[in-house]
Amino acid sequence: MSFLNSLLLTIMKALHSFINNYALTIIVFTILIKLVVMPLNLKSRRSTMRMASVQPKMQALQEKYKDDQEKLNQKLQELYRKEGVSPMGGCLPMIISMVILFAMFYALRTFANEQLVTQFLTFYHHPDIDPHTLTDSFFWIRNLWMPDTPFATFMPDISSLQLVDYQVWNDVSAKLAAAGTIPEALSFVDRNAMMAYITDVVTPFVSSEAYAPYIAPVTGLGNLSLLGLIRFSIYKEGNGWFILPILSVVSQIFMQKLTMKAQPMDPSQAGSQKTMIWVMTFMSLYFCASYNSAFALYWVASNIYAIVEQIGFNKYFELQDRKAAKAEEVGI
């Protein structure tokens with residue numbers, strides 16, 4: 001998985017060198033990945049449709065051999081071979097998509113950490129710079145590497161910087177020092193050394209007049225509590241308006257319902273299908289609201305592409321069916 005993470009990150013950085021906009025880079029990268037796996041998705045759709053067409057025969061066998069599981073399995077295998085179908089034929093694209101999804105999550109988290117450290121160290125050593133020029137914005141989002149929510153600051157705060165691995169601090173600071181952006185690189189030997197730096201250096205600067213205004217909560221809306229369990233603040237310069245998390249939920253539900261409609265399955269599986277919709281919907285909301293906006297943008301772009309692709313597949317197969325029906329009418 002680490003190899004795949006590094007590969008995806010390398011490709012994105014290469015694309016960015018041409019596009020020079022991280023948000024657009026993520027969208028283009030998403031489309032390229034989807035185009036690569038599209039032939040597999042098309043094959044999967046065909047396989048699922050063939051499986052749906054043999055459902056009546058499968059149900060007849062299940063009824064006939066309901067008291068003989070071994071015989072039922074044998075007859076089902078014979079049916080699969082005769083019809084040229086496989087019950088697992090539609091699973092490969094789903095597995096590949098999930099692998100890419102999690103690989104993108106880790107790749108973009110790694111890159112987000114690098115960007116947050118770059119933003120903090122640059123501003124720390126050059127507090128006269130407008131910090132808005134240090135971030136990568138996207139329409140309503142001030143910083144692509146922080147969550148799209150008014151409950152997150154647009155500049156990295158203490159909690160986000162604490163989550164960064166100490167080696168990332170070393171590597172990023174070495175690059176900045178080599179470029180002349182900061183006077184010298186950091187050399188943390190372990191996480192304890194990094195935490196000491198955050199306590200002694202980062203925390204005082206974040207609380208200073210130079211930095212504090214950019215992470216200040218709205219008066220009266222700081223340190224709020226939800227049922228005494230979740231604490232949050234609404235910031236004057238919040239990083240977003242929760243639009244990507246909402247879009248992720250809407251697109252996730254629409255995409256999955258469209259897929260279910262286009263790929264009919266055994267009615268006995270309807271309950272598990274509905275459960276999967278809600279599980280994936282909750283996942284989309286959690287990840288897109290809790291982690292960087294770059295990953296949320298990837299998730300939404302991926303869903304929108306999948307919706308367009310599904311509609312295109314539907315039109316394609318409808319056209320194929322009409323051609324087949326017309327050919328049958330003229331006796332071909």
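**Reading a predicted chain, value by value**

Trainee: Why is P217 called partly exposed?

Mentor: The relative accessible area of P217 is 32%. Buried means under 20%, and exposed means over 50%. The 32% falls in between, so P217 is partly exposed. Bear in mind that this is a predicted model.

Trainee: Where does P217 lie?

Mentor: P217 is in the loop between α8 and β1.

Trainee: Which residues is P217 in contact with, leaving aside its neighbours within four places in sequence?

Mentor: They are G222, S233, I234, Y235 and K236. Contact needs heavy atoms within 4.5 Å.

Trainee: What separates the C-alpha atoms of P217 and F232?

Mentor: A distance of 9.8 Å, with their positions 15 residues apart along the chain.

Trainee: What makes G222 count as partly exposed?

Mentor: Its relative accessibility is 31%. Partly exposed lies between the 20% and 50% cut-offs, so G222 belongs there. G222 sits in the loop between α8 and β1 (224-226).

Trainee: Which residues does G222 touch, not counting those up to four places away in sequence?

Mentor: G222 touches P217, F232 and S233. For S233, the C-alpha to C-alpha distance is 4.3 Å, and the pair is 11 residues apart in sequence.

Trainee: Is F154 buried or exposed, and how do you know?

Mentor: F154 has a relative accessible area of 0%. Buried means under 20%, so F154 is buried. F154 is found in the loop between α5 and α6 (158-162).

Trainee: Which residues is F154 in contact with, leaving aside neighbours within four places in sequence?

Mentor: Among them are P131, H132, T135, R142 and N143. The list also includes M146, Y214, E237 and N239. V99 is another residue to look at: its C-alpha atom is 30 Å from that of F154, with the two 55 residues apart along the chain.

Trainee: Why is E329 called exposed?

Mentor: E329 has a relative accessible area of 68%. Exposed means over 50%, so E329 qualifies. E329 lies in helix α11. The C-alpha atoms of E329 and P156 are separated by 67 Å, and the two are 173 residues apart along the chain.

Trainee: What is noted about the phi of N20?

Mentor: N20 has a positive phi of about 65°, although N20 is not a glycine. N20 lies in the loop between α1 (2-19) and α2 (22-53).

Trainee: Is N20 buried or exposed?

Mentor: Its relative accessible area is 61%. The cut-off for exposed is over 50%, so N20 is exposed.

Trainee: What about the phi of F242?

Mentor: The phi of F242 is also positive, about 70°, and F242 is not a glycine. F242 is in the loop between β2 (230-232) and α9 (243-262). Its relative accessible area is 24%; that value falls between 20% and 50%, so F242 is partly exposed.

Trainee: How many residues has the largest nonpolar core?

Mentor: That core has 60 residues. Those with the most contacts inside it are L108, F120, L121, W145 and W169. The elements giving two or more residues to this core include α1, α2, α5 (91-125) and α7 (166-178). α8 (191-206), α10 (270-290) and α11 (293-329) do so too. α5 gives the most, with 14 residues.

Trainee: Which residues does L121 touch, not counting those up to four places away in sequence?

Mentor: L121 touches W169, S173, L176, I182, L186 and Y197. A second, separate core has 10 residues, including V54, M58, L61 and Y65.

Trainee: How many helices and strands are in the protein chain?

Mentor: There are 11 helices and 2 strands. From the N terminus on, the elements run α-α-α-α-α-α-α-α-β-β-α-α-α.

Trainee: How does the radius of gyration of the protein chain compare with that of a compact globule of 332 residues?

Mentor: A compact globule of that length would be near 20 Å, but the protein chain has 26 Å. The C-alpha atoms fill a box of roughly 80 × 50 × 35 Å, taken along the principal axes.

Trainee: What part of the 332 residues do buried residues make up?

Mentor: They make up 41%.

How values were computed:
Residues numbered from 1 in each chain as written. Predicted model: local features only at pLDDT ≥ 70, side-chain atom pairs only at ≥ 80, totals over all residues. Heavy atoms only, no water. Helix = DSSP H or I, 4+ residues; strand = E, 2+ residues; numbered from the N terminus. Buried < 20%, exposed > 50% of the residue type's maximum accessible area, 1.4 Å probe, protein only. Core = buried A, V, L, I, M, F, W, Y, C linked by side-chain atoms within 4.5 Å. Rg over C-alpha atoms; globule rule 2.2 N^0.38 Å.
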